[in-house]
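Here are a few exercises to work through with the model open beside you. Try each task before reading its solution.

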Amino acid sequence: MPAFFAPSMARLIEELSKLPGIGPKSAQRLALHLVKGAEEDVRSLAEALMDAKTTVQHCSICSNLTDSDPCEICGDGSRREDLVCVVEDPSDVVAMERTRDYDGLYHVLHGLISPMDGVGPDELRVKNLLDRLREDEVQEVILATDPTVEGEATAMYLARLLRPLGVKVTRIARGLPEGGDLDYADEATLSRALRGRYSVDSG
Amino acid sequence: MSGEYSVEAVVLESRKLGENDRLATLLTRRHGKLRLVVRGAAKPRSKLAAVTQPFDCVRLDVWRGRTLDGVKGGEVLHSLRRLRSEPKALGCAYCLAEIVSYLGQEGEADEPLYLLLLTCLRALSAGVLELLVVVFFIIRASRVSGFYPVLDQCVRCAGELEDESYLCFGHGGALCRLCAGDVRGDGASMTACERELAGNLARVHPRNLLEYEEDEDRLRSMLGLFLNYLEYQLERRVNSRYFMDMLE
């Protein structure tokens, strides 16, 4: 496809199409938009890309992406240090923060165990988590990986690994979405919700 | 097939595709291996995610796309949910699914392989000894796919095998001591007991697996041997073999 474009344009399309979720057609559209746009805007984008690439690093405590080490969340003294929520990637931290209901710390694994792809605990930030739990005074670890098979496998593996450390290990609940209609719920979700029912007295 | 069609299948894997979609790989009963887009599966309210969970047996309504077809709707025929909450069974299910993803061919129906996979996943879900199920599966899958090794006589000279023999991967069978003498390459020694166990598992009816009693150490050694043999025949590594013990 890029053969019909000037070599520099073809290269730009090729580079853009390497991005996740960007196919050849979208890459072509983005490239055309960039070259048609003002030079100042393109320079600003290029600078932002390079700036992010050079300054963003992993937090030495929670492994989240940050500009400063430790990250803003780990350095926030008002948060509960005895509670750690384990998530798959940085976007999950953002999702949890949006709830404004959680005031503990995080640990980002940067992936999930995926046996068929040969991705095991060594490829994830599991060792950092264990070191952290041994050193810090963490009382509870919340496993908030996706409710997929890989997410469950990772949660099961971590639960087994963390049990001997004497910390309370919990898993986020699964069930019906807020405002959802029971009629439209699938069997698996409804069955999960039934098993996770709670007494209304206890709230 | 034009427009829309239905398939009965076992879901082998489901991986992220773009922001909200997933790509499900299935072994169907009538159309072989099939890859389907599951639009919006990452969203919490998606009904399609629940019908494309790995290891479930499902019936799916499929729309036809230009490059990939996609899931329109469907239902779970046999949910093997228990598999997903039992670490050891889950590790073994991954191994089975990965092997099938290599053996299954797109567009080529392989009902015996489909039924074998479904039977073994159900056995895992029913609590049959995991090691036994995986060894049984590999032996039967080798037979279904046409590369079950010759174990009742020397594959080279057709002579009788003694207690100790050599399973030569390249020759596709056991070699007697004499023939094994000058053979180099991939393989491993195999005792008469192991050959007998392989023969029994190649014949046993799946429903009798629950009552089948076998020494775990012997099964473990058989598992290593047959997985190595299978990897040699497939010319690729079975990644999930290393996770069976890890998830235990």
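**Exercise 1.** Does A:Arg100 count as buried or exposed, and at what relative accessibility?

*Solution.* Start with the ground rules. This is a predicted model, in which local features need pLDDT of at least 70 and side-chain atom pairs count only at pLDDT 80 or more, while totals for chains, interfaces and linings use all residues. Residues are numbered from 1 along each chain as its sequence is written, chains are lettered from A and ligands numbered from 1 in the order in which they are written, and side-chain values use heavy atoms, with hydrogens and water left out.

Now take the residue. A:Arg100 has 77% relative accessibility and therefore counts as exposed (buried is under 20% relative accessible area, exposed over 50%, partly exposed in between, with a 1.4 Å probe and protein chains only). Next, look at its backbone: phi of A:Arg100 is positive, about 55 degrees, although the residue is not a glycine. Finally, place A:Arg100 in the loop between helix 4 (90–98) and strand 4 (105–108) of chain A (DSSP runs numbered from the N terminus: helices are H or I with at least four residues, strands E with at least two).

**Exercise 2.** Where does B:Phe55 lie, and is B:Phe55 buried or exposed?

*Solution.* First, find the loop between strand 3 and strand 4 (57–63) of chain B, which holds B:Phe55. Then check phi, which is near 80 degrees, a positive value in a residue other than glycine. With a relative accessible area of 1%, B:Phe55 is buried.

**Exercise 3.** Describe how domain 1 and domain 2 of chain B meet.

*Solution.* Begin with the bounds: domain 1 covers 4–79, and domain 2 covers 82–149 + 182–243, as given by an automatic or database domain assignment. Their C-alpha centres lie 25 Å apart.

Then count the contacts (heavy atoms within 4.5 Å): 19 residues of domain 1 of chain B touch 22 residues of domain 2 of chain B.

Next, turn to the salt bridges (a side-chain nitrogen of Lys or Arg within 4 Å of a carboxyl oxygen of Asp or Glu). There are four between domain 1 and domain 2 of chain B. B:Glu111 forms a salt bridge with B:Arg30, with the closest N and O atoms 3.5 Å apart.

Last, ask which strands build the side of domain 1 of chain B that touches domain 2 of chain B. Strand 1 (4–17), strand 2 (21–28) and strand 3 (33–38) of chain B each supply at least two residues. Strand 1 of chain B gives the largest share, four residues.
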